[in-house]
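Q: I have a model open in my viewer and would like to learn how to read its packing. Could you walk me through it?

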Amino acid sequence: MKHFILLLTLCCCISLFSYAQQEYSRASMWEDAIEAFKKEDRKNPPEKGSILFIGSSSFRIWKTLKEDFPHYKVFNRSFGGSHLSDVIYFFDDIVAPYKPCQIIVYEGDNDIAAGKSAEEYLRDVITFTRMVEVYLPGTIVDYVSTKPSPAREKWQSEFKKANHLVREFCEKKPNVRFIDVFQLMVSTNGDIRKDIFRDDMLHMNPKGYDLWQSVIRPYLTDCSKE
C-alpha cells in the first residue's frame, strides 16, 4: 500500500511538472481570480468538509447555488473560461486547502472548443482524480458531463465522445461518479434545447440551472454525517 501511494504521488508530481510547463502561459489569465478567492478565504474561509463546486463559467455564474442546495454546505470556486488543466494547475490554491468532502467538477466544453480532443480531456480527468486520491483521500469527485449548447454545436460529437470516455472511467473508480446533464439538455429528437440558454446560446438561464439542480441534487453528500 505504501509503495502504491508513493507511485501515485510520483505520477502526480510528474503531471504537475508537465502542467507547470504547458500551462504557465495560461496562468496569468487567472491570477486575479485566484487572488480574489484567496482574499475571500482569509475573510470568510469555507468550512472544512464542505462541498466544493469548481470549473468554468457554467458554474461561476450559478449565482443561486446556495439557495438551490439549502440543506448542504456548498461553495463555489469556479473561474470563467477555465479548462480542467487550469484547475489542476491551481490545485494547491483552490482545491486542496479546503479539504472538501466532495468535489463537483464542470469542465470540458472550453477545453474541446479550444482544440483538445476527447482523449486529452480524459487525460486531465484522470490526472485530477489521481491528485484528489493522493492529497484528499476519501473525497468524492463528481464530474458533470460536458453540456451541449447551440453556440458550440459543431463540437457536439466530440463532447459526446468525451462524456462517454469520462463515464467509463468513473464507473471503474471508487468515490468517482459521472453526472449526466447532457441528455436532459436535448429534445427527444436530439436537438439542443434553446429555451434553457441565455441570448449568447452558450450560458444557461435560470430554467437551465433549475434543470441542473434537479439532476445534481441526488448526488450531493451530507458531509455532517460523514
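What follows is a conversation about aromatic pairs, a helix, two single residues, a cavity and a pocket.

A: Happy to. Keep in mind from the start that this is a predicted model.

Q: Let's begin with aromatic rings. How many aromatic pairs does the structure hold?

A: A pair of aromatic rings is described by the distance of the centres and the angle of the planes. Here there are 18 aromatic pairs. One of them joins W62 and W212, with 6.2 Å from centre to centre and 70 degrees between the planes, an edge-to-face arrangement.

Q: Where in the chain do W62 and W212 sit?

A: They belong to distant parts of the chain, 150 residues apart. W62 is in the loop between α2 (57–60) and α3 (65–68), while W212 is in helix α9 (residues 206–216).

Q: Are W62 and W212 buried or exposed?

A: The cut-off to remember is that buried means under 20% relative accessible area. W62 has 3%, so W62 is buried. W212 is at 0%, so W212 is buried as well.

Q: Which residues form an aromatic cluster with W62 and W212?

A: The cluster also takes in F53, F59, F69, Y106 and Y209.

Q: Let's stay with α9. Which of its residues are buried, and what covers them?

A: To read a helix, list its buried residues and then look for what lies against them. In α9 the buried residues are G208, Y209, L211, W212, Q213, V215 and I216. Their cover includes the strands β1 (51–55), β3 (102–106), β4 and β5 (176–179), along with helices α2 and α3.

Q: What happens at the start of α9?

A: There, look for side chains that reach backbone atoms. A side-chain oxygen of N205 comes to within 3.0 Å of the backbone nitrogen of K207. N205 itself is found in the loop between β5 and α9. A polar atom of the N205 side chain also lies 2.9 Å from the backbone oxygen of D195. Leaving out residues up to four places away in sequence, N205 touches D195, I196, F197 and R198. With a relative accessible area of 15%, N205 falls under the 20% cut-off and is therefore buried.

Q: Could we try another residue? What does F169 touch?

A: Place the residue first, then check its contacts. F169 is in helix α8, and its relative accessible area of 15% means that F169 is buried. Beyond residues up to four places away in sequence, F169 touches L122, V125, I126, T129 and V176. I126 is 43 residues from F169 along the chain, yet their C-alpha atoms are separated by 8.1 Å.

Q: Now the empty space. What volume does the largest cavity have, and which residues line it?

A: For a cavity, read the volume and then the lining. The largest cavity has a volume of about 40 Å³. Its lining consists of E107, Y121, Y143, V144, S145, T146, N163, V166 and F178. The elements giving two or more residues to this lining are β4 (140–144) and α8 (156–171). By character, the lining residues are five nonpolar, three polar and one charged.

Q: And how do I read the largest pocket?

A: In the same steps. The largest pocket holds about 350 Å³ of space. It is lined by 19 residues, with K66, V74, F75, N76 and R77 lying nearest its centre. At least two lining residues come from each of α1 (2–43), α3 and β2 (74–76). The lining of this pocket divides into eight charged, six nonpolar and five polar residues.

How values were computed:
Residues are numbered from 1 along each chain as its sequence is written. This is a predicted model: local features need pLDDT of at least 70, side-chain atom pairs count only at pLDDT 80 or more; totals for chains, interfaces and linings use all residues. Side-chain values use heavy atoms; hydrogens and water are left out. On a 1 Å grid over the protein atoms alone, a cavity is a set of points where a 1.4 Å probe fits but cannot get out, and a pocket is an open set with protein on both sides within 12 Å along at least five of seven lines; lining residues have an atom within 4 Å of a point. Grid points are joined across faces, edges and corners, and a volume is the space filled by probe spheres set on the points. Helices (H or I, at least four residues) and strands (E, at least two) are DSSP runs, numbered from the N terminus. Ala, Val, Leu, Ile, Met, Phe, Trp, Tyr, Cys and Pro count as nonpolar, Asp, Glu, Lys and Arg as charged, and the others, Gly among them, as polar. Rings of Phe, Tyr and Trp (its six-membered ring) pair if their centres lie within 6.5 Å; planes under 30 degrees apart count as stacked, over 60 as edge-to-face and the rest as tilted. Buried means under 20% relative accessible area, exposed over 50%, partly exposed in between (1.4 Å probe, protein chains only). Contact means heavy atoms within 4.5 Å. A polar contact is a pair of N or O atoms within 3.5 Å; within protein, one must be able to donate a hydrogen and the other to accept it, and residues adjacent in sequence count only if both atoms are side-chain atoms.
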